[in-house]
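User: Could you take me through one part of this structure in detail? I'd like a close look at a single helix and whatever surrounds it, told as one connected story.

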Amino acid sequence: MKKFIVPLLIGAVLSSGYAADDSLKQEIEALKVQMAELKNAQSKINIDALKAQVSEIKAHDAGDNIKWTVDFRTAYDAVSYKLNNAPDQDNGIWTNKLILGMAAQPSDNLIFRGALGVYKSFGQDNISQTSSFQDFDWYGTQKPGDSTIKLREAYFLYFGDIGDVHYSASFGRRPSVDGFLENLRVGNADPASPIGHNINMEFDGASFKFDLDKVTGVSGMYFKICLGRGFSDTTGAYSMNSTGFNPGYIEDSNNPDMDLAGLIFQAYDNGQYKIMANYFQGWNMMGLNVFGQKAAYQYWNGSGWTTVNVPAFNFMDVGDMTGGALSLQVTGIGDGMSDFLDDSIFFLSYAFSKTDPNKNYFGTMSGSTDYGMLGSHESETGSSIYTGVQVPGIMKGQRLGLEYNHGSKYWRSFTYGEDTLVGSKLAARGDAYELYYILPILKNLTAQFSYIYIDYDYTGSDMFFGQTGTPMDVDKTAGAVKTAQNARASLRYRY
Amino acid sequence: MKKVLGLLISVFLVLGMMSTSALADSAKGQKYYLKYMKDGSGMNGAKFATQHTQTEWKALFDGKAEKFVAEYATKYPGLETFLKSDKFEKFMPDIKDFCMEFASDSGNVPSC
């Protein structure tokens, strides 16, 4: 029996083993086919094409949205003034300044740029009640006020090529503060459009730029036509007259349209030497027309109420003005003489201004009437020089700057938007000195100290164009500011 | 007033001493491009930087930028002398930062 069963069992086991082996072989073969198919499919995928596609999507999305930037500064400003025959004055002011930058490039030849700004002093939201000129349009985001968000820049650039001439046309609120040279002291790598020596204020207008470097073979050569309106002759909606409402936005005869046309010419820029010039004509410059007084407030004098009056005024066209500047910046002194000189910047600039007064009579602060510009019936010419250096600081990445400028008796700049609390140093009719030190703390966080000392020769710097701009000897004028100082310590975050 | 200023300046100086911001600077890179490379390449910096994506620039500038030198010295013979000089080696981190900053997929909008 055993003899019969054992061979049978062995046969059964062997036969099932052979069957399992065949099945395994078939599965392996099937897997091999599948792997070959997968390999084949994988080989057809083009990794480079996928990478290119991802980059294309990334680039498209990046250009399809507004790109925001943040420029936020907290600062402490110490201001002090020495007055002629009057007590000295000083103050310490903490401020916050926020500039939200916007940029978008929806197509290859169209760019939009903008900036919204708030510049406020700590805990103060009614500062405009202290001054009729606090909310002036020329420096809305450049002088600390309240927490209102204001439009600093908004413009588009359309560009293309006419043969070898690359051109751009732009309309909107201009990038006209912290321009060429001025950008160094405020710690900005790139200057805004104008030469900061004589133009540094916010305004609306247009520009047309033509690059001439390819045509002339002169590196960086271009010219730009700039047009702007610094004041619009218009009422608002629902303005009133003595009998009722006016139609909306009619001419307000008291306020002239104040227009400006200018030419910016960059003669040369090879990255080391940069020469720029500008020339402008301004029409209908505004002067203060004092036509009466109005009660500001009353105070109790011990025995009765005393009314304090302030001038009632509007603006009047006092004449036209021309001006210009010629500026040189050297980025890297020499070539390879030393790391220090390679990393140093030097600049020198000259600017002039010339008035052309009309004979429109206006009321003065003293109650009389007069005409003219900057206190003169004649055309007056003023001039200014501005020079400075910026060199490496003690630690790598730090920068030390020294600047000096001098303005003559009738010098008049358009630098109302300069970021200084004591008034524009570049507008000074006298001497101004500045020392500043920039310390990067992190890639996006920078500390800066600056100290400005202005020694005035004449009054009327940084004022309007009529009688308030009259240059009077500060040593002979009671209450005149003889010297002004502005020390600032700030922390700035940029991203 | 003077005490507040003095205190702030002292704090900032200490922070400044502790800072480790020896970082590349794209603005400097742009200036170096203008000074040493614009004539050789025949195009402005914004156009130059958009030739590659950030990843591509990174790969080209990897190490001592050998790949960048090889590609651009061939593509623009006018750049060869500068790219093979000590100056390029010195300014390379800033030039790289500039190219990355305005790469075609950076989303940064050139200032024109």
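User: Let's take helix α2 of chain B: where does it bend, and what covers its buried residues?

Analyst: Sure. Keep in mind that this is a predicted model. Helix α2 of chain B runs over residues 26-41, and its end C-alpha atoms span only 18 Å. A straight helix of 16 residues would span 22 Å at 1.5 Å a residue. There's a bend too: α2(B) turns by about 50° at B:L34. Just past the helix, B:G42 takes a positive phi of about 75°.

B:L34, where the bend sits, is also one of the buried residues of α2(B). The buried set begins with B:S26, then picks up at B:G29 and takes in B:Q30, B:K31, B:Y32, B:Y33, B:L34, B:K35, B:Y36, B:M37 and B:K38. Among these are lysines, namely B:K31, B:K35 and B:K38.

As for the cover, some of it comes from the other chain: β12 (305-331) of chain A helps to cover the buried residues of α2(B). From chain B itself, α3 (45-49), α6 and α7 (86-101) take part.

Let's follow the chain A side outwards. β12(A) runs antiparallel to β13 (residues 345-357) of chain A, and 13 bridges join the two. One of the pairs is A:M321 with A:T355, the latter in β13(A). β13(A) then pairs with β16 (residues 381-392) of chain A, again in the antiparallel sense, over 10 bridges. Here A:I345 has A:Q390 of β16(A) as its bridge partner. So much for the strands behind the cover.

Zooming out to the whole contact between the chains, 37 residues of chain A touch 28 residues of chain B. On the chain A side, the elements that each supply at least two residues are α2 (47-63), β1 (67-83), β2 (86-107), β4 (150-162), β18 (430-442), β19 and β20. By residue type, that side of chain A divides into 19 nonpolar, 12 polar and 6 charged. The loop between β19 (445-456) and β20 (481-494) of chain A holds A:D462, a residue other than glycine with a positive phi, near 65°. A:D462 is partly exposed, with 19 other C-beta atoms within 10 Å.

Back in chain B, α6 (80-83) gives us a link to another helix. The buried residues of α5(B) pack against α6 and also against α4 (54-60) of chain B, while α6 is also part of what covers α2(B). Helix α5 of chain B covers residues 66-75, and B:F68, B:V69 and B:Y72 are buried in it. Those three sit on the same side of α5(B), because they cover an arc of only 95° around the axis. That fits the general pattern: an α-helix has 3.6 residues a turn, so residues three or four places apart point the same way. The face of α5(B) turned away from the buried side carries B:E66, B:A70 and B:T74, which are exposed.

To pull it together: α2(B) is bent at B:L34, and its buried residues are covered by elements that include β12 of chain A and α3, α6 and α7 of chain B.

Key. Residues are numbered from 1 along each chain as its sequence is written. Chains are lettered from A and ligands numbered from 1 in the order in which they are written. This is a predicted model: local features need pLDDT of at least 70, side-chain atom pairs count only at pLDDT 80 or more; totals for chains, interfaces and linings use all residues. Helices (H or I, at least four residues) and strands (E, at least two) are DSSP runs, numbered from the N terminus. A residue is buried if 20 or more other C-beta atoms lie within 10 Å of its own, exposed if 12 or fewer, and partly exposed in between; C-beta atoms are placed from the backbone. Two residues are in contact if their C-beta atoms, placed from the backbone, lie within 7 Å. Ala, Val, Leu, Ile, Met, Phe, Trp, Tyr, Cys and Pro count as nonpolar, Asp, Glu, Lys and Arg as charged, and the others, Gly among them, as polar. The arc is that of the directions from the helix axis to the C-beta atoms. The expected span of a helix is 1.5 Å times one less than its number of residues. The bend at a residue is the angle between axes fitted to the seven residues ending there and the seven starting there. Two strands pair if DSSP finds at least two bridges between them.
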